[in-house]
Each structure stands twice: as C-alpha cells, then as structure tokens.
Amino acid sequence: MPDATTPPGAGRYAPSPSGDLHLGNLRTALLAWVLARRTGRAFRLRVEDLDRVKEGSEQRQLEDLTALGLDWDGAVVRQSERGPSYAEAIAALEDQGRVFECYCTRREILEAPSAPHAPPGAYPGTCRDLGAAAREQGRVRMHELRREPALRLRTDVASWQVQDLWAGEVTGTVDDLVLRRGDGVVAYNLAVVVDDAAAGVDQVVRADDLLSSAPRQAHLAHLLGLAEPGYAHVPLAVNAEGARLAKRDGAVTLRDRRERGEAAAEVVEQIGHSLGVVGCRSAHDLLERWDPATLPRHPWTVELPH
C-alpha cells in the first residue's frame with residue numbers, strides 16, 4: 001500500500017478524434033472518470049491522433065465530455081506531439097536486442113500458417129531470425145513498395161498475466177507485436193504503454209474488446225522497466241441486433257440526441273440506467289451513487305429513438 005507521502009496514480013480516457021463519441025464511448029469515459037475520482041486518482045485526457053483524424057473532432061469530443069460533467073487534470077496530451085518519447089522507447093528495446101525488422105505485408109501474415117492454438121492473424125515469426133542476405137532482400141522489397149520495414153518486438157514469452165477489476169486474473173497471448181508500422185507511424189500498443197507511464201496512469205479503463213491487448217501491453221511495459229497498470233474493461237455498447245454500436249444505427253451521439261431535443265443530463269440518466277442506478281443527471285451524480293461492484297458483465301443494448 002502507498003504511504004501518506006506517495007501521490008496517488010491516475011486514470012485516463014483516450015479517444016481517437018475520428019468522429020463524434022457515441023453513447024458507448026461516453027459511458028466508458030464516465031466510468032473511467034468515476035473510478036479515478038472515487039479512488040483519489042488524477043484523471044488524464046489523451047487524444048490518440050496518430051491516424052484517423054477528422055478535422056474538428058477533438059474539439060467536439062472535449063465539448064461533449066465537458067457537457068456530461070467530466071473534468072481532467074493537466075493539459076490534454078496528443079500522441080502526435082510525443083514522437084521523441086516513442087523513439088526513445090524503441091531505442092531502449094533495441095539496446096536489449098529485442099527489435100527486428102519485418103518485411104511482411106498484412107496479407108502475407110494473414111495467409112501464413114500459424115502456430116497451433118495461435119489466434120487468427122497472429123504473426124508467424126517469418127522475419128524473426130533472417131540472415132543478413134535475406135534482410136537485405138527484404139529492405140529492397142520494402143523500398144520497391146515505398147514502405148519502411150515494420151519494427152517488431154522480439155519477445156521471449158508466450159503469454160503474460162494481468163489483473164482486471166472485473167475479469168480478475170487474465171492470461172493472454174504475447175507475440176512479436178509491431179512497434180512501428182511500415183508507414184513510419186508508431187504502433188498503438190507501444191504508444192499507449194509509453195503514454196500511460198509518462199502520465200502516471202496505473203488504472204486503465206476501456207472497452208472490453210481491448211482486454212486481449214492488455215497482457216501484451218503489460219509485458220511491453222515490463223520490458224521497458226515501467227510499472228504495469230491495473231485494468232478495468234467495460235462491456236461494449238451494442239445495437240438491438242447485438243452488433244457494436246455505430247453511427248449508422250441512428251441517434252447514437254450526444255449531438256444526435258441534442259438535435260432531438262434531449263439534454264446532456266438525459267443522456268447521463270440513460271447511461272446510469274444501464275448501470276442499474278436511477279436519477280443520475282451528471283457525472284457527479286454517478287460518482288455518488290454507482291457501485292463499481294454492480295457493473296453488468298453483459299453488453300449494453302442501447303435503446304435508440306425511432
């Protein structure tokens with residue numbers, strides 16, 4: 001347990017500015033904020049803008065979060081401004097002999113035979129132990145394709161275990177994950193690990209479709225000498241057919257609802273109902289009334305207006 005002189009860690013929310021946040025995104029943001037505030041943690045906001053950026057989305061997302069009653073500590077962090085930190089992390093892994101170049105296309109990886117019990121699309125290790133001549137041929141090929149070789153982590157474990165607030169102990173596959181893509185953009189798994197550590201984040205709340213990524217990210221943090229965070233993965237929001245909620249489903253964003261005459265407080269109230277609490281009209285109401293132990297473990301089927 002931390003002593004009285006040890007500052008608490010932090011929680012965070014990290015949207016991608018590719019469009020307006022839908023109700024599932026807003027629900028996850030609220031839960032991340034509540035869990036951080038309830039445990040005395042700071043709450044950080046990070047914009048994951050390495051790709052898929054839609055002009056104006058960041059500002060609209062921040063406005064929507066504020067309308068629900070969320071606040072955050074410190075300045076908003078943007079991944080597009082953190083290139084030197086990612087390069088430093090890759091260099092540290094290179095110093096450990098844990099980085100190799102990969103010359104495979106995505107299609108080749110999908111079509112290659114995988115190890116038994118490996119998940120579909122798992123990297124089969126094609127470029128892991130190539131000799132000098134084969135590596136040179138790979139570089140020539142990448143040049144012809146106008147791409148750089150991807151950089152991958154040379155891992156020496158098959159799995160890693162993490163602790164999730166609701167799922168408990170979770171053991172997942174660890175593979176030779178991508179650190180930097182062939183287009184030169186740092187990969188998501190590396191960026192989130194570096195960014196969370198830099199912000200003091202020790203509580204990661206996000207949708208449970210990312211639960212399988214947690215073990216490999218925690219292992220990467222371990223290799224970089226960073227603290228491994230605790231996790232809390234939230235069930236997805238889905239439509240009436242059970243598919244992941246999407247813009248095509250109709251009035252799925254706060255702005256959609258406002259155009260129909262609903263207030264932000266009514267949206268919070270609907271999210272509260274999905275958690276089994278009534279009468280919540282703001283983030284602070286949810287903070288006071290919601291018990292994390294009661295989180296439903298099934299997807300939230302969102303009732304959409306006709």
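These are my notebook entries on a predicted model of one protein.

**Entry 1: the whole chain**

I began with the overall build. I counted ten helices and twelve strands in the protein. Next I looked up the radius of gyration, which is 21 Å. The globule rule gives 19 Å for 306 residues, and the two values are close, so the protein is as compact as a globular protein of that length. I also noted the box that the C-alpha atoms fill. Along the principal axes it is roughly 65 × 50 × 40 Å.

Then I turned to burial. Of the 306 residues, 47% count as buried. I also checked how far along the chain the contacts reach. I took contacts between residues at least 6 apart in sequence, and 75% of them join residues at least 24 apart.

**Entry 2: the cavity**

How many cavities of 30 Å³ or more are there? I found one. Its volume is about 100 Å³. I listed its lining and got 13 residues. Nearest the centre lie V192, V193, D196, P229 and Y231.

Which elements give two or more residues to this lining? They are α6 (188-198), β9 (201-207) and α7 (214-223). Helix α6 gives the largest share, with four residues. I sorted the lining by class as well. Nine residues are nonpolar, one is polar and three are charged.

**Entry 3: helix α7**

Since α7 helps line the cavity, I looked at its cover. Nine of its ten residues are buried, so I wrote it down as mostly covered, buried being under 20% relative accessible area. The buried ones include A214, P215 and R216 at the start of my list. Q217, A218, H219, L220, A221 and L223 are buried too. I then stepped past the helix. G225 follows α7, and its phi is positive, near 75 degrees.

**Entry 4: salt bridges**

Side chains of opposite charge can pair when their charged atoms come close. I searched the whole structure for such pairs and found 27 salt bridges.

I started with D196, which is among the residues nearest the cavity centre. Its side chain meets that of R12 in a salt bridge, at 3.0 Å from N to O. D196 sits in helix α6, while R12 sits in strand β1 (residues 10-13). The two are 184 residues apart, so I marked the pair as a link between distant parts of the chain. Are these two partners buried or exposed? D196 has 6% relative accessibility, so it counts as buried. R12 has 4%, so it counts as buried as well.

I followed the pair further. D196 and R12 belong to a network of salt bridges. R46, E48, R82 and D195 are linked in it too.

Next came D183 and R181. Their closest N and O atoms are 2.7 Å apart, and they form a salt bridge. D183 has a relative accessible area of 43%, so I noted it as partly exposed. R181 is at 29% and also counts as partly exposed.

My last pair was R257 and E262. This is a salt bridge as well, with the closest N and O atoms 3.5 Å apart. R257 is buried, because its relative accessible area is 2%.

**Entry 5: D64**

I wanted to place one more acidic residue. D64 is in helix α2 (residues 57-67). Its relative accessibility is 1%, so it counts as buried. What does D64 touch, if residues up to four places away in sequence are not counted? It touches L254 and R255.

**Entry 6: V178**

I finished with a strand residue. V178 lies in strand β8 (residues 178-180). Is V178 buried or partly exposed? At 22% relative accessibility, V178 counts as partly exposed, because buried means under 20%.

I then looked for its partners. I left aside the neighbours within four places in sequence. V178 is in contact with L151, R152 and A187. I also took one C-alpha to C-alpha distance, to L153. V178 and L153 are 25 residues apart in sequence and 6.4 Å apart in space.

Technical notes. Residues numbered from 1 in each chain as written. Predicted model: local features only at pLDDT ≥ 70, side-chain atom pairs only at ≥ 80, totals over all residues. Heavy atoms only, no water. 1 Å grid on protein atoms, 1.4 Å probe; cavity = no way out; pocket = protein on both sides within 12 Å on 5 of 7 lines; lining within 4 Å. Points joined across faces, edges and corners; volume = space filled by probe spheres on them. Nonpolar A, V, L, I, M, F, W, Y, C, P; charged D, E, K, R; others polar. Buried < 20%, exposed > 50% of the residue type's maximum accessible area, 1.4 Å probe, protein only. Contact = heavy atoms within 4.5 Å. Salt bridge = Lys/Arg side-chain N within 4 Å of Asp/Glu carboxyl O. Rg over C-alpha atoms; globule rule 2.2 N^0.38 Å.
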